[in-house]
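Hi,

Here is the structure I promised to pass on. Have a look at it first, and my notes on what turned up follow below.

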Amino acid sequence: MAKLAKMAFDGKNLRPLWAELIAKLLDGSIEAGEAIDLSLIAQLLGDKQAGLSIQHEILREHRLFRPPCISDRPRLRVLALAAATDMGSNTPIEFLLEHSGIELMVLYVTGEAELPESLPAHDVAIVIASDSEDCRDALAKIDAVAARWPRPLLNPPKLVCNLDRDKLHRLLAGIEGLTIPATIGATREQLSQVPASAAAPLEIDAGLRFPLIVRPRGSHAGVGLAKIDDGAAMHVYLGERAEREFFVSRFVNYASEDGRFRKYRVVIVGGTPYACHMAVADRWDIWYLNAGMNHSAEKRLEEETFMRTFDIGFGRRHRSALAEIAERIGLDYFIIDCAETKEGTLLIFEADNTAVVHNMDPPDVFPYKGPQMRMIFEAFAAMLERRAAHAREQAA
């Protein structure tokens, strides 16, 4: 995945490789790993359904995959437990371990087969499925055997299942220095009946007023995300969407004094926060790729400063809130997307275990990113090794 994603990120043409693998699929000579690559390529080319169909067919016969390891004598063996879903709904763990010398095995947990009684030899396991609807069956199957897993099981399903937006605000409510608006699930019918007046409360929840943030349930990366100012805007929005289930929350204007919006990604590894990236834009609905960071030396300097001063700057300002977030969520590895409010509190947009943490940006444009990403990757590998070593000590 990491290599294919890097090729797509760099603008390389994946279609010749697609054509080569499709030919092998059609003549029956394709290997299982190549078929998984084909599934990923289809998704990277924008055809999610084709990718999932290919994945579904190959997982009928093969569910364990071993991406290449750079070492002939791996320092650790990691078993990642994945769901049969799109490439954005499992932790992209290949990015974290690609150059680590750690052997990675990915076991897909599907609804059509039970977990194997004899697991491949490993030192530590980690759940990489997300708290999304299409991962629920996989998480339930893993959870049913989690208590008797033969090795340390990181990111256990019962904790992953707290991350969806409507549950997260309840989990984190009341943390001092933290702002996280309640996220309410709503049907299409409920949203179609909101009052026309921007001042009137919504029947969905008495605490909700316009403006609202609306998104389809289960969406990521800004798909279907909108700020709705009144009932008329809501009707226009619904006319453009086909989904039946949505999340709504109150809009928080987190613009800084200069009118710009700043969104941060922080990675929590073994309870310790690390700066991952920072995006600066004139629009509230930011994600990194629409912020134009590669076109602005000024923005990149601000991001570099955020990274270099994290421990004495952003990380220190929000140390207590970040520590309490890590404690309540309890996962060994997860990511938060956040901002700072005008009052100086930490504003949480979402927390999950599947956001991409990568080192794909060109070093000539982002020279400060490589060292920061390598520090995160090394922290992740060290955390895995600590958990494995602790288990060995307890067994001795």
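The hairpin of β13 and β14 has five residues between its strands, and G344 there takes a positive phi near 95 degrees. Before you go further, keep in mind that this is a predicted model. The two strands of that hairpin, β13 and β14 (residues 346-352), run antiparallel and are joined by six bridges. If you want a spot to start from, find A339, which stands opposite L347 in β14.

β13 also has a partner in β11 (residues 261-269), again in the antiparallel sense and over six bridges. On that side, I268 is the residue opposite F334 of β13.

How much of β13 is buried? Eight of the eight residues in this strand (residues 333-340) are. Try colouring it by the direction of the side chains: Y333, I335, D337 and A339 point one way, while F334, I336, C338 and E340 point the other way, and all are buried. Note that D337 and E340 are among those buried residues.

From β11 you can carry on to β12, since nine bridges join this antiparallel pair. F261 sits opposite A281 of β12. The hairpin of β11 and β12 has two residues between the strands, and G270 has a positive phi near 55 degrees in it. β12 (residues 272-281) is mostly covered as well, with eight of its 10 residues buried.

Now for the other sheet I looked at. Five strands make up an open sheet with mixed pairing, in the order β1-β3-β2-β4-β5. The edges are taken by β1 (64-65) and β5 (153-154); each has a single partner strand, so one side of each has no neighbour in the sheet. Further in, β2 (residues 77-83) pairs with β3 (residues 103-109) in the parallel sense, over seven bridges. To line those two up on screen, use L81, whose bridge partner in β3 is L107. As a reminder, strands of a sheet pair through backbone hydrogen bonds, either parallel or antiparallel.

On to a pair of helices. The axes of α3 (residues 32-44) and α4 (residues 48-59) come within 7 Å and cross at roughly 165 degrees. Angles over 145 degrees count as roughly antiparallel, and α3 and α4 are therefore roughly antiparallel to each other. The crossing of α3 past α4 is left-handed. Which kinds of residue make up the contact of α3 with α4? They divide into 10 nonpolar, four polar and one charged. On the α3 side, the contact includes A35, I36, L38 and A42, and on the α4 side it includes K48, L52, I54, I58 and L59.

Last, two backbone oddities. Most residues other than glycine have a negative phi, and most peptide bonds are trans. N155 is not a glycine, yet it has a positive phi of about 50 degrees. You'll find N155 in the loop between β5 and α7 (157-160). Is N155 buried or exposed? N155 is buried, because its relative accessible area is 0%, and the cut-off for buried is under 20%. The other oddity is the peptide bond from F210 to P211, which is cis, with omega near 0 degrees. P211 lies in the loop between α9 (188-192) and β8 (212-216).

Shout if anything is unclear.

Cheers

Conventions. Residues numbered from 1 in each chain as written. Predicted model: local features only at pLDDT ≥ 70, side-chain atom pairs only at ≥ 80, totals over all residues. Heavy atoms only, no water. Pairing = 2+ DSSP bridges. Helix = DSSP H or I, 4+ residues; strand = E, 2+ residues; numbered from the N terminus. Buried < 20%, exposed > 50% of the residue type's maximum accessible area, 1.4 Å probe, protein only. Axes fitted to C-alpha atoms, helices over the stretch in contact; angles between N-to-C directions. Parallel < 35°, antiparallel > 145°, perpendicular 65-115°, else oblique. Left-handed = near helix turned anticlockwise from the far one by under 90°. Contact = heavy atoms within 4.5 Å. Nonpolar A, V, L, I, M, F, W, Y, C, P; charged D, E, K, R; others polar.
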